[in-house]
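Student: Could you take one part of this model and walk me through it closely? I'd like the geometry and the surface exposure together, in one go.

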Amino acid sequence: MPSLPGYSGFWVAHVVFQRPSGVAATLTLKGPLLVSTESHPVRSGLHQWISDYADVVAGPEALRVEVDMFMEAYDKKIAEEEAKAKEKEGVPDEEGWMKVTRQGQRPVLPRTEATSLRVLERERRKWALKELLNFYAWQHHETKMEHLAQLDKKFEENKQRIELLRAQSKFQPY
């Protein structure tokens, strides 16, 4: 491959001429025929791909304008559909049937802090019912032992209270 000073790139090009006179004019030229010069650069490879991608992808402002136009058209279409539905509401069709819609049947709960707390409390109760207590035998045994210990403690407290009332002579069980 020949080398030219200050030039690196493609050495072969496939050229198609529109007229035969273009071939004769090209053959009369002397020296290397460069397609890409500093005054008229030709992009290729990665640089070409990057510029093609940049041309295809819209900027944020153009994207915002396009989205706004789409949303306006969509809102207009929805409004027209709602207007048509309101016109047909309560009017029987050609066979005499009335169309029943869901609109207006059930009011939507407002999203307030109180309603969200009620929903969370309901969820907690639901999980509490599903939670497995005393799944293992040792857990069941421990629960029974704790219950018996509480009963024993209450019995001792009641025994002390009865002794105190007897000492004050206020206790008359019979």
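Tutor: Let's start at valine 67, which sits in helix H3. This is a predicted model, so treat every value here as computed from predicted coordinates. Valine 67 has a relative accessibility of 40%, so it counts as partly exposed, since that class runs between 20% and 50%. It also has company on the surface: Val67 joins Leu63, Phe70, Met71 and Tyr74 in a nonpolar patch of about 480 Å².

Now the helix itself. H3 covers residues 60–88, which is 29 residues. How far apart should the ends of H3 be at 1.5 Å a residue? The expected span is 42 Å, and the end C-alpha atoms are 42 Å apart, so the two agree. If you redo that sum, remember to multiply 1.5 Å by one less than the number of residues. After H3 comes glycine 90, with a positive phi near 80°.

Step back to the whole chain for a moment. The protein has 5 helices and 0 strands, so reading from the N terminus you just get α-α-α-α-α. Of its 174 residues, buried ones make up 1%. The accessible surface comes to about 17,800 Å², and carbon and sulfur atoms account for 60% of that.

With that in mind, have a look at the aromatic rings. For any such pair, you want the distance of the centres and the angle of the planes. Searching the whole structure turns up 2 aromatic pairs. One of them is phenylalanine 135 with tyrosine 136, edge-to-face, at 5.0 Å centre to centre and with 90° between the planes. The other geometry to check is tyrosine 136 with tryptophan 138: the ring centres are 6.3 Å apart and the planes meet at 10°, so this pair is stacked, given that stacked needs planes under 30 degrees apart. Note that 6.3 Å still falls inside the pairing limit, as centres need to lie within 6.5 Å. Ring pairs therefore link Phe135, Tyr136 and Trp138 into a cluster.

Are those rings buried or exposed? Phenylalanine 135 is exposed, with a relative accessible area of 53%, while tyrosine 136 is partly exposed at 47%. The 50% cut-off falls between those two values, so the labels differ.

One last ring to visit is tryptophan 127: lysine 130 lies over its face, at 5.4 Å from the ring centre.

Note on methods: Residues are numbered from 1 along each chain as its sequence is written. This is a predicted model: local features need pLDDT of at least 70, side-chain atom pairs count only at pLDDT 80 or more; totals for chains, interfaces and linings use all residues. Side-chain values use heavy atoms; hydrogens and water are left out. Helices (H or I, at least four residues) and strands (E, at least two) are DSSP runs, numbered from the N terminus. Buried means under 20% relative accessible area, exposed over 50%, partly exposed in between (1.4 Å probe, protein chains only). Accessible areas come from the Shrake-Rupley method with a 1.4 Å probe; for residues, only the protein chains shown count as cover. Rings of Phe, Tyr and Trp (its six-membered ring) pair if their centres lie within 6.5 Å; planes under 30 degrees apart count as stacked, over 60 as edge-to-face and the rest as tilted. A charge sits over a ring if NZ of Lys or CZ of Arg is within 6 Å of the ring centre and within 35 degrees of the ring normal. Patches are made of residues with over 30% relative accessible area and no salt bridge: like charges are joined within 9 Å, nonpolar side chains (Val, Leu, Ile, Met, Phe, Trp, Tyr) within 5 Å. A salt bridge is a side-chain nitrogen of Lys or Arg within 4 Å of a carboxyl oxygen of Asp or Glu.
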